[in-house]
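Here are some exercises to work through with the model open beside you. Try each task before you read its solution.

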Amino acid sequence: MPAAPALPAAWLAAPRIGPNLRLGLRTTVASVMPLLATALLHEPALIWMALGGLYVNMADTGGAYRTRATAMACASLLGAVALGGGIGLATWPWLCVPAMFAVGLGCGLLSLYGNAGALIGLVTAWCFLIGINLAGPDPAKALSFSLLYLAGGAWATLLAVAIWPLRPYRPVRLATADVLRAIADFFSQACPGSGGIPAAEDQLFQGKLRVRTALATARATLADTRSGRLGDSPADGAFTRLIESADALFVTSAAMGNLLAGVPGREAPQLRPRINGLNRHGVAALRQLEQALLGRAGLPPCQELVIEARRIAAAIDRFPAPIAALQQAQLSQVHWITTLAQVGEAIPAAALNRRSTQLRRPNDAVRVAVAQGWRTLGANLTLDSSVFRHGLRFGVASAVAVSIYTLFALPIGYWITLTVSVILRPSAGESLTRTSQRVLGTVLGGILAIVLATLFPHPLAIVLLLVPLTLVMMAILPVNYGLFVFFLTPWIVLYKDIAQPGDWSLALWRIANTLIGAVLALAAIHLILPRWEREQLPARLAASLRCNAQFVSEVLDRVLEPPRTSTGPPTTPAAVRLAMGNAQVSIQRYLSEKASHRPMALPLMAFLLHSQRLIDALLVLGSGARQFDGSPAPVSVRPLRDEMLTTLTALASALERGERTGPLPDLRRPELADDLLQQELEHLVEPIMGLRNAAESWSAGMALPGS
């Protein structure tokens with residue numbers, strides 16, 4: 001069994017995200033315009049409208065217009081209510097302590113509803129915190145400031161979704177085009193059109209993750225766009241067919257890459273250039289389909305590729321001696337080209353119906369969504385829930401922070417609580433990473449703020465400085481949180497300077513309070529209901545193994561007892577994809593928690609790599625099932641199937657119990673090496689043995705001190 005390739009730790013990192021210049025421009029318009037009016041009209045109250053524009057843009061989750069509009073509207077409304085409520089409580093400082101605990105707990109629980117809920121909760125907590133620190137509270141001020149914040153949020157939402165009624169399917173088209181682009185990139189790596197060597201295993205695995213992520217995003221975006229409407233529009237069905245056809249195209253791409261790699265180089269050398277050329281033209285056609293979906297190109301002549309694929313198949317059939325491996329690979333190529341043509345047929349309807357709209361929201365859908373939200377909340381009101389623990393941790397740490405700056409009367413002490421709020425996350429590893437980014441970004445940003453506040457004391461000059469700061473700050477938010485904080489600190493200092501120009505001492509206090517907040521957040525991570533990913537990871541890995549075992553059982557049953565009617569090639573079950581994704585996220589969190597965990601990166605990455613190899617081999621085996629002649633399977637095949645399932649199940653049980661795996665069966669069958677079915681089964685044996693080695697290495701590493 002060959003060892004797993006040594007991969008860098010960055011291999012587990014999320015796909016690289018580029019700067020979001022559109023978000024930067026929108027936030028600049030939404031927040032700097034009110035500040036310009038503040039400087040020109042000498043009306044300090046308008047800074048609350050600017051604050052609304054900034055915070056609500058931070059809650060822009062992207063994706064479908066309906067999702068973005070809902071998230072930003074909730075951030076506007078809840079932020080305005082929290083700001084007004086905080087201003088009302090500011091008269092009673094010590095009453096703010098339990099109130100901050102309640103708000104922190106509630107905002108932390110909003111993480112149950114995904115990234116949008118977490119961002120809305122964070123913005124709401126910030127608004128309440130600012131409100132309870134406002135000097136001279138009164139009901140009129142609470143109402144006026146809340147309304148100005150709400151107006152700023154509404155203005156930001158309008159900018160983000162102003163074209164929603166005109167082009168509701170644009171996010172779906174962009175997400176689907178991203179799927180086609182990712183498949184083209186993967187196919188060009190797995191089946192080089194030049195006839196060269198396919199990309200390395202780790203590169204192919206990253207390509208598969210990229211495609212799977214793009215498919216999930218496209219499905220979610222389409223679902224968000226369709227949600228809450230009565231009836232179906234023509235575009236709904238067109239995009240659904242397009243996404244499912246793209247999924248089938250990806251499955252066939254993975255199968256074809258493995259099949260072509262298994263064809264001996266000496267077989268049919270006269271046909272190799274035609275096969276490679278067809279692959280090259282197929283990738284070009286797929287990239288043209290992506291451009292056609294975006295309205296930038298016409299449709300490629302896919303039917304010509306189908307005709308060429310069938311001609312190659314006929315040439316292979318005329319060979320005097322059958323070449324089973326080449327026939328299987330070329331059959332997969334025919335299926336890939338045919339599926340590519342189906343993708344092309346779905347695009348015209350998807351493109352032509354992009355302006356269809358049916359925007360009515362039925363009351364039943366709202367009731368269902370609310371009921372589901374309450375069920376989700378009720379199910380997580382237990383200490384077994386990591387999100388509930390996070391909510392309690394957030395509430396307690398926030399209340400302690402308010403107590404500290406109230407007791408010692410620290411200037412801009414609310415920055416302690418702000419630091420706590422942005423550092424604490426449900427994952428301890430992510431919280432620790434945020435701590436260093438927050439502290440370093442604030443210290444360096446504070447130095448920059450002192451320089452800028454000293455050099456540019458005039459309010460109008462400050463507003464002009466905020467234009468590039470806002471643009472860069474929000475554009476890099478998806479890229480690097482530390483850089484975002486570096487630009488956020490001078491933004492906040494200069495924002496305050498519009499009303500109090502020249503007060504650069506705010507930057508020094510901001511740095512000091514950030515350090516206090518970071519210490520408090522670290523104490524909360526380690527002392528308040530800590531839950532480390534080390535406790536969760538074995539169960540995630542075991543769940544992935546059990547799902548893989550179920551997939552092995554389904555595919556082998558299909559191969560050994562083929563269905564009487566054609567069912568098409570198999571697809572990866574949703575449960576397998578979900579378990580694999582959960583395992584990957586858990587591994588990322590585990591490796592980020594402690595430096596002592598990093599030596600375990602190799603077996604954990606090998607676990608993911610061999611899991612994907614097993615899934616690919618199952619897809620290939622299921623896709624090529626009709627190639628077998630229907631003769632009875634060898635006697636040892638069924639015991640081999642049972643031994644595969646026994647091995648995967650035993651590995652899962654050992655991981656859950658935290659024990660070393662006991663003796664496991666030998667999956668090798670050298671006596672059947674010449675059998676075609678056995679050769680295909682060998683592609684399952686290798687990744688299962690790889691999973692076994694990875695699990696045993698993990699168990700051995702866990703026995704070491706500090707792991």
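A residue counts as buried when its relative accessible area is under 20%, and as exposed when that area is over 50%. Keep in mind that this is a predicted model.

**Exercise 1. Ser76 inside its helix**

Task: find where Ser76 sits, and decide whether Ser76 is buried or exposed.

Solution. Start with the address: Ser76 belongs to helix H3, which covers residues 65–89. Next, check the cover. The relative accessible area of Ser76 is 4%, and the cut-off for buried is under 20%, so Ser76 is buried. Finally, look at who surrounds it. Leaving out residues within four places in sequence, Ser76 has contacts with Val56, Tyr149, Leu150, Gly153, Ala154 and Thr157.

**Exercise 2. Ala156 and a distant stretch of chain**

Task: work out which residues Ala156 is in contact with, leaving aside its neighbours within four places in sequence.

Solution. First, place the residue: Ala156 is part of helix H6, residues 139–161. Its relative accessibility is 1%, so Ala156 goes down as buried. Now list the partners: Ala30, Gly53, Val56, Asn57 and Met72 are in contact with Ala156. Add a C-alpha check with Gly52, which is 104 residues from Ala156 in sequence but 7.9 Å from it in space.

To put that pair in context, take the whole protein. Among contacts with a separation of 6 or more, 82% join residues 24 or more positions apart.

**Exercise 3. Two residues in one loop**

Task: His42 and Leu46 both lie in the loop between H1 and H2. Decide for each whether it is buried or exposed.

Solution. Take His42 first. Its relative accessibility is 68%, and the exposed class begins over 50%, so His42 is exposed. Its backbone deserves a glance too: phi is near 55 degrees, a positive value in a residue that isn't glycine.

Now Leu46. At 18% relative accessibility, Leu46 falls under the 20% cut-off and therefore counts as buried. Setting aside residues within four places in sequence, Leu46 is in contact with Pro34, Ala37, Thr38, Leu41 and Leu148. Its C-alpha also lies 8.5 Å from that of Phe145, although 99 residues separate the two in sequence.

**Exercise 4. How H14 meets H15**

Task: describe the packing of H14 (residues 386–408) and H15 (residues 414–423).

Solution. Two packed helices are described by the angle between their axes and the distance between the axes. Here the axes come within 8 Å and cross at roughly 165 degrees. Angles over 145 degrees count as roughly antiparallel, so H14 is roughly antiparallel to H15. The crossing is right-handed.

Then go to the side chains. From H14 come Phe394, Ala397, Ser398, Ala401, Val402, Ile404 and Tyr405, and they meet Tyr414, Ile416, Thr417, Val420 and Ser421 of H15. Sorted by class, the residues of this contact are 9 nonpolar and 3 polar, with no charged ones.

Don't skip the loop between H14 and H15, where Ile412 is found. Its relative accessibility is 17%, so Ile412 counts as buried. Ile412 also has a positive phi, about 35 degrees, despite not being a glycine.

**Exercise 5. The other partner of the short walk: H15 with H16**

Task: repeat the analysis for H15 and helix H16, residues 428–455.

Solution. Begin with the geometry: the axes are 9 Å apart and the packing angle is about 140 degrees. That makes H15 oblique to H16. On the H15 side, the contact uses Trp415, Thr419, Val422 and Ile423; on the H16 side, Ser431, Arg434, Thr435, Arg438 and Thr442. The class count for this contact is 3 nonpolar, 4 polar and 2 charged residues.

**Exercise 6. A loop residue and its partners**

Task: which residues does Ser111 touch, not counting those up to four places away in sequence?

Solution. Locate Ser111 in the loop between helix H4 (96–109) and helix H5 (114–132). The residues it touches are Gly117, Ala118, Val387 and His390. For a distance check, use Gly121: 10 residues along the chain from Ser111, with 7.4 Å between the C-alpha atoms.

**Exercise 7. Stepping back**

Task: sum up the protein's secondary structure and burial.

Solution. Count the elements: there are 24 helices and 0 strands. Then burial: 52% of the 707 residues are buried. Last, the surface: about 30100 Å² is exposed, with carbon and sulfur atoms supplying 63% of that area.

Technical notes
Residues numbered from 1 in each chain as written. Predicted model: local features only at pLDDT ≥ 70, side-chain atom pairs only at ≥ 80, totals over all residues. Heavy atoms only, no water. Helix = DSSP H or I, 4+ residues; strand = E, 2+ residues; numbered from the N terminus. Buried < 20%, exposed > 50% of the residue type's maximum accessible area, 1.4 Å probe, protein only. Contact = heavy atoms within 4.5 Å. Areas by Shrake-Rupley, 256 points an atom, 1.4 Å probe, with all protein chains shown as cover. Axes fitted to C-alpha atoms, helices over the stretch in contact; angles between N-to-C directions. Parallel < 35°, antiparallel > 145°, perpendicular 65-115°, else oblique. Left-handed = near helix turned anticlockwise from the far one by under 90°. Nonpolar A, V, L, I, M, F, W, Y, C, P; charged D, E, K, R; others polar.
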